[in-house]
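Okay, thanks everyone for coming. Have a look at what's on the screen, and then I'll talk you through how the chains meet and what the cysteines are up to.

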Amino acid sequence: MSNTPLIDELVKGPWPSFIKDIKRTAEKNEMCKDLLNLLEMSYRDKKTHWKHGGIVGVRGYGGGIIGRYSDSPELYPGVSHFHTVRINQPAGWFYSTSALRYICDLWEKHGSGLTNLHGSTGDMVMLGTTTEHLEDIFTDLSEHGWDLGGSGSDMRTPSCCLGKSRCEFACIDTMAICHDLTNEWQDELHRPAFPYKFKIKIAGCPNDCVASIARSDCSIIGTWRDNIRQDDAAVAKYASGELVYGARADGKVDIKADVVDKCPTGCMSYEGGKLSIDNKNCNRCMHCINLMPQALRVGVDGGATILLGAKAPIVQGALLSSVLVPFIKMDPPYEEFKELIGRIWEFWDENGEARERIGEMIVRIGKGNFVEEVGCDPIPEMICEPRSNPYIFYEEYFEEE
Amino acid sequence: MATVEEVKDYIFKKVESYAGKKQVKVPQMTQDVIEHFGEDNCSKKDVKEALRELIDDEKLVYGYFGGTTIELPHKEGSAN
Ligand code: SF4
Ligand code: SF4
């Protein structure tokens, strides 16, 4: 009989199983054998047998390695230390096979052989190594042109969608921006000095394939400020069914029902076979472009919308990010954006409480106050609900008296 | 103007006095140092530079306690 009957249940059924992966790796790695035993014990005792590890690290770095120790080293010595190493992923997650092979070889030599590509911040996550291996891992990685990612109260490893490398919707060069910001803010990435973590994600268009609006303190989302480019001949082909949209069973797009009537701002019309867009009322949601990509294209005057404040529930509940700057050009060297982030960090540094994400601080002090302090212009969309407290007096009111 | 050595010395003594009693984070320490020397004599940049040297010389290390802290070098408690 197996000595891990409880976790063996997780292998049954048609779904992928992390236990299956660990068992396969355990055939040649002793750490993984003890990992399975420790997991079985946790399932049996209905509690974790990992202790909070604090930071173990490499010289000069305050992030990138998450210490993990088990509470039963005498029972399972193979996992008495089981630290995680985060590696800064390349922009857009492009790897050559030799780069991946190198990472796998490194981890078989120095760790459990278990990897997680990718963690929610974007890093490559290497699971399970011991303190004695850390400096060797770091040296080896550095010699091969890699670096550690972020952890703790620092700027976390910026991440981005693949943008202009493969996607026709990209309004900004996400990979170039990601690479530049990572290099610009090396200190902020490796030397934690913030009240808490700060994540930056860059999406090339409002489809937001990196889910920046839900998962980053600062979302940079590509957009355009001129008009949607429209090809009337291609619109007619979608109408006749010559061009098809993959998501419908019959492939056809009903331009009135599927596109125009679903435009969230009602700024489109389709009459007599002619599609019209009132571009000044378009909110760049991408719906029409996604449905008819050969007929409608993003504008050519690209830039980004900057949003702040998303986070997953940890100390407080989850937040989505909201717009701070509706449009900013994002051309190298991105000075305007960097200055804006500098002001935001400065203010957060001075006013943020310990373990308070920037979104939580904005909720606490009020978006109006925050916008004023960081020198941005207020816009009507920043108001999320009508004022319910009538006892507000404006400065002008007092001046008039 | 406070010299880097003076700032380093102040930070180190503070962290030493907190050892085993209080966890200190970088933003708090920065405020403390600037208050001590006065805004005209010490900037955030000076504190950052002093911290960088203390960490690189391994006089202080980063720790983690609900956010990143700065501590005297020690063996992780959890490792025991
Ligand atoms: S976010 Fe937009 S630009 Fe980036 S991959 Fe997705 S659709 Fe393409
Ligand atoms: S992008 Fe969205 S808001 Fe703009 S026209 Fe298309 S569907 Fe309407």
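Let's go straight to B:Lys44, which makes a salt bridge with A:Glu350, and the closest N and O atoms there are 3.6 Å apart. Bear in mind that this is a predicted model. That pair belongs to a bigger set: between chain A and chain B we count 8 salt bridges. There are also 7 residue pairs in polar contact across the two chains, counting pairs where both residues have pLDDT of 80 or more.

So which elements of chain A give two or more residues to the side touching chain B? They are β1, at 50-52, α7, at 186-190, and α12, at 335-351. Sorting the residues on that side of chain A, we get 10 nonpolar, 8 polar and 9 charged.

Now, how many residues does each chain bring to the contact? Chain A puts in 27 and chain B puts in 20. People often describe an interface by the accessible area lost when the parts come together. Here, chain A and chain B bury about 2,000 Å² between them, with 48% of that on carbon and sulfur atoms.

Okay, on to the cysteines. Searching the whole structure, over all chains, turns up 0 disulfides. Take A:Cys32: the nearest cysteine sulfur is the one in A:Cys104, and that's 13 Å away. A disulfide needs the two sulfurs within 2.5 Å, so A:Cys32 is in no disulfide.

And is A:Cys32 buried or exposed? Its relative accessibility is 0%, so A:Cys32 counts as buried. A:Cys285, on the other hand, is partly exposed, with a relative accessible area of 35%.

Note on methods. Residues numbered from 1 in each chain as written. Chains lettered and ligands numbered in written order. Predicted model: local features only at pLDDT ≥ 70, side-chain atom pairs only at ≥ 80, totals over all residues. Heavy atoms only, no water. Buried < 20%, exposed > 50% of the residue type's maximum accessible area, 1.4 Å probe, protein only. Contact = heavy atoms within 4.5 Å. Buried area = accessible area lost by both parts, 1.4 Å probe. Salt bridge = Lys/Arg side-chain N within 4 Å of Asp/Glu carboxyl O. Polar contact = N/O pair within 3.5 Å; in protein donor to acceptor, adjacent residues only side chain to side chain. Helix = DSSP H or I, 4+ residues; strand = E, 2+ residues; numbered from the N terminus. Nonpolar A, V, L, I, M, F, W, Y, C, P; charged D, E, K, R; others polar.
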